[in-house]
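Biologist: Can you put the model up? I'd like to go through the sheets and the packing with you.

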Amino acid sequence: MELFIDTAEIDEIKSLNITGLIDGVTTNPSLIAKSGRNIIETIEEICNEYLTTVRQSAGILEELPVKPMLVSAWTIKQSSGDYQALHSHEAHISGNIYIETPVLDKNATQTDSCIEFRLPTVRNPARFVFTDTWRFVPEKGKMIVFPSYLAHTVYPWKGSGNRTILAWDVKLV
């Protein structure tokens, strides 16, 4: 079971992230607006918290001499059958906030409407077995944050409604 906190309040994210009890954050532009915060500042602060998590996971105790700066944001609205070809971003941290997700047909496949990341791996079959892809099933209100260099694609789907996201790139300055 995964536990997500549904908020745009940075202090809540920080305090729960420290406990290690949450797997992620769900948010959306409405929650950000309700918090009274600027969406640009909120995305930058969420990226800063992401950096803190990565730094601590790597055992790096000192603060990094960088700060996240939002450099671009855009929306994507896809209909049934639409997809995105494999690509990566020219930034440091990227993310998606899922504003709307489709209702898939009853005979949908496991990849329908998913974003799939192609993880860079060093293969050493004698020591490890690697799975070099990771899929995320979009849900309305959820947000994903990921390193910009990760190649990713979005699979087509059949169903009703749209897949609408607010996507963004952040550079560390």
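Modeller: We'll take the sheets, then the packing, then one odd loop residue. Keep in mind that this is a predicted model.

Biologist: Fine. In what order do the strands of the sheet with β3 and β12 run?

Modeller: The order is β3-β12-β5-β9. That makes an open sheet of 4 strands with antiparallel pairing.

Biologist: Which strands stand at the edges there?

Modeller: β3 (68–78) and β9 (143–147). Each has a single partner strand, so one side of each is left without a neighbour in the sheet. From one strand to the next, the twist averages 20°.

Biologist: How many bridges join β3 and β12?

Modeller: 10 bridges, in the antiparallel sense. β12 covers residues 163–172. If you want a spot to look at, take S72, whose bridge partner in β12 is D169.

Biologist: Which helix lies across those strands?

Modeller: Helix α3, residues 39–57. It lies across β3, β5 (93–100), β9 and β12. Its direction is at about 110° to β3.

Biologist: Now the other sheet. What is the order of the strands with β7 and β8?

Modeller: β4-β10-β7-β8. This is also an open sheet of 4 strands, and the pairing is antiparallel.

Biologist: And which strands are at the edges?

Modeller: β4 (84–87) and β8. Each pairs with a single strand, so each has one side without a neighbour in the sheet. Here the twist averages 15° from one strand to the next.

Biologist: Let's zoom in on β7. How many bridges join β7 to β8?

Modeller: 4 bridges link β7 (residues 115–118) to β8 (residues 133–136), running antiparallel. Another 4 bridges join β7 to β10 (residues 151–154), again antiparallel.

Biologist: What stands opposite E116 in β8?

Modeller: R135. On the β10 side, the bridge partner of E116 is T153.

Biologist: And which residue in β10 is the bridge partner of F117?

Modeller: H152. F117 also turns up in an aromatic cluster, where ring pairs link it with Y98, W134, F136 and F146.

Biologist: How many aromatic pairs does the count come to?

Modeller: 4 aromatic pairs.

Biologist: On to the packing. How many residues are in the largest nonpolar core?

Modeller: 15 residues. Those with the most contacts inside it are I43, C47, I93, I97, W168 and V170. At least two residues come from each of α1 (10–19), α3, β5 and β12.

Biologist: Which element gives the largest share of this core?

Modeller: α3, with 4 residues. There is another core apart from this one, with 11 residues. Among them are I76, F146, L150 and V154. You met F146 a moment ago, in the ring cluster.

Biologist: Last topic, the loop between β6 and β7. Which residue did you want to show me there?

Modeller: S113, in the loop between β6 (103–104) and β7. Its phi is near 70°, a positive value in a residue other than glycine.

Biologist: What sign of phi do most residues other than glycine have?

Modeller: Negative. That is the reason I'd look at this one.

Biologist: Is S113 buried or exposed?

Modeller: S113 is buried, because its relative accessible area is 3% and the cut-off for buried is under 20%.

How values were computed
Residues are numbered from 1 along each chain as its sequence is written. This is a predicted model: local features need pLDDT of at least 70, side-chain atom pairs count only at pLDDT 80 or more; totals for chains, interfaces and linings use all residues. Side-chain values use heavy atoms; hydrogens and water are left out. Two strands pair if DSSP finds at least two bridges between them. Axes are lines fitted to C-alpha atoms, for helices over the stretch in contact, and angles run from 0 to 180 degrees between N-to-C directions. Contact means heavy atoms within 4.5 Å. Buried means under 20% relative accessible area, exposed over 50%, partly exposed in between (1.4 Å probe, protein chains only). A nonpolar core is a set of buried Ala, Val, Leu, Ile, Met, Phe, Trp, Tyr and Cys residues joined through side-chain atoms within 4.5 Å. Rings of Phe, Tyr and Trp (its six-membered ring) pair if their centres lie within 6.5 Å; planes under 30 degrees apart count as stacked, over 60 as edge-to-face and the rest as tilted.
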